[in-house]
Amino acid sequence: MNTIKPLDHIANTKAYVPGGKLQGATGPVAMLASNENPFGPSPRAVEAIRNAAAEGLQIYPDPDYGALRAAIAMAKGIADPARVVTSAGSDEIIHLLTQCYAGPGDEVLFTEHAFSMYEVSTRAHGATAVKAPETDMKAGVNAILGGVSPRTKILFLANPNNPTGTMLSVEELKALQDALPPHVLFVVDGAYSEYLGPEYEAALRDLVDRRDTTVMMRTFSKIYGLAAARLGWAYMPRPIADTFQRIRGPFNVNALAVAAGIASVGDDAFLAMSREHNTLWRAKMTEALNAMGLPTPESHANFVVPEFGSAARAAEANQFLKDADILVRAIGGYGLPTKLRITVGSAEDNTRVLDALQAFTAKR
Ligand SMILES: Cc1ncc(COP(=O)(O)O)c(C=O)c1O
């Protein structure tokens, strides 16, 4: 027997729990657990991946990712592509920023129901997780500032947040940014920002330009429909970008993801179509769930979060949906055991989940 042991803080890190697959399904499964785009990616991305595969996967990708960074900068109105970094999914951005800026004895701050990779990454790097309380699933500027200490190295804030769907206004983000002390790196996670539209995307970009302590991270996994390709990016001050580039793997983004990203980042018609579908169905689902007696607050992302009144009832509903081959996300691990998170999917899948929940609530 060997005596090999992981570092204590690694041994104490709980793994991220993904949405997973449905075991034993008898028909087509409605996949509404991971906030993926029901339309898949832009056709431009699929064609680019085919071409890139045909051209030869034996060649390493360009380690500078210059063409991808330039395409992102161009599509998102960013003047200096050197301040754009790319990654294998935005999870890698979370990990690399934590690795660069926080370690044992440091604190990383996020809100009570924040995206769980912030905590996984904090613990994996030996830093201490600090959670600012939310009120009714909503983060607040003062509550966040109350969590800042001289040891706080990073504040992660997804806006809109996953799994709550709530968000701070741009004015609130600016107020928070203005009040943060200069030793705190403010990381705004815009994973769902495209669902609000180009104006909001530009507001997040401009936030980075207001301070030399703010980073905006983004993903191709949600509205871009490229979750399987694993592609993320971030816009950041130059010294932070230089630090990040120093420690990332030299070929952290694969060539197929590069091709898909370049081809689809500026496909505004695809984004608008996906956004409009989401806005329409999110409103329909919110209204229908509320009408069923499942209180569902306004969401700003591509999912809704109905309340079932108790953890037991939410678990029962989850099982009822699974039995109907519908996969949604239980969010007890996020401190929200009485709720389920339901992705806005295709019209057909949305109708299926609403019909199933109607049948479930009608049972008593
Ligand atoms: C808020 C938020 N940030 C980041 C991610 C990670 O996305 P990816 O690693 O697929 O880019 C997710 C995925 O669910 C998310 O919800």
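This is a short dialogue on reading a ligand site and a helix pair in a predicted model.

Modeller: In this predicted model, local features need pLDDT of at least 70 and side-chain atom pairs count only at pLDDT 80 or more, while totals for chains, interfaces and linings use all residues. Residues are numbered from 1 along each chain as its sequence is written, and side-chain values use heavy atoms, with hydrogens and water left out.

Colleague: Which residues come nearest to the ligand?

Modeller: A residue is near a molecule if one of its heavy atoms lies within 4 Å of it. Here 13 residues surround the ligand, and S90, N162, D189, T219 and S221 come nearest. By class, this shell has four nonpolar, five polar and four charged residues (Ala, Val, Leu, Ile, Met, Phe, Trp, Tyr, Cys and Pro are nonpolar; Asp, Glu, Lys and Arg charged; the others, Gly among them, polar).

Colleague: Where do polar side-chain atoms lie relative to an oxygen atom of the ligand?

Modeller: A polar contact is a pair of N or O atoms within 3.5 Å. For N162, a polar side-chain atom lies 2.7 Å from a ligand oxygen; for Y192 the distance is 2.8 Å, and for S221 it is 2.6 Å. Taken alone, the ligand exposes 400 Å², of which the protein buries 94% (Shrake-Rupley method, 1.4 Å probe).

Colleague: At what angle do α2 and α10 pack?

Modeller: Axes are lines fitted to C-alpha atoms over the stretch in contact, and angles run from 0 to 180 degrees between N-to-C directions. Helices are DSSP runs (H or I, at least four residues) numbered from the N terminus. Helix α2 (residues 43-55) meets helix α10 (residues 255-264) at about 140°, with axes 8 Å apart.

Notes
A polar contact is a pair of N or O atoms within 3.5 Å; within protein, one must be able to donate a hydrogen and the other to accept it, and residues adjacent in sequence count only if both atoms are side-chain atoms. Helices (H or I, at least four residues) and strands (E, at least two) are DSSP runs, numbered from the N terminus.
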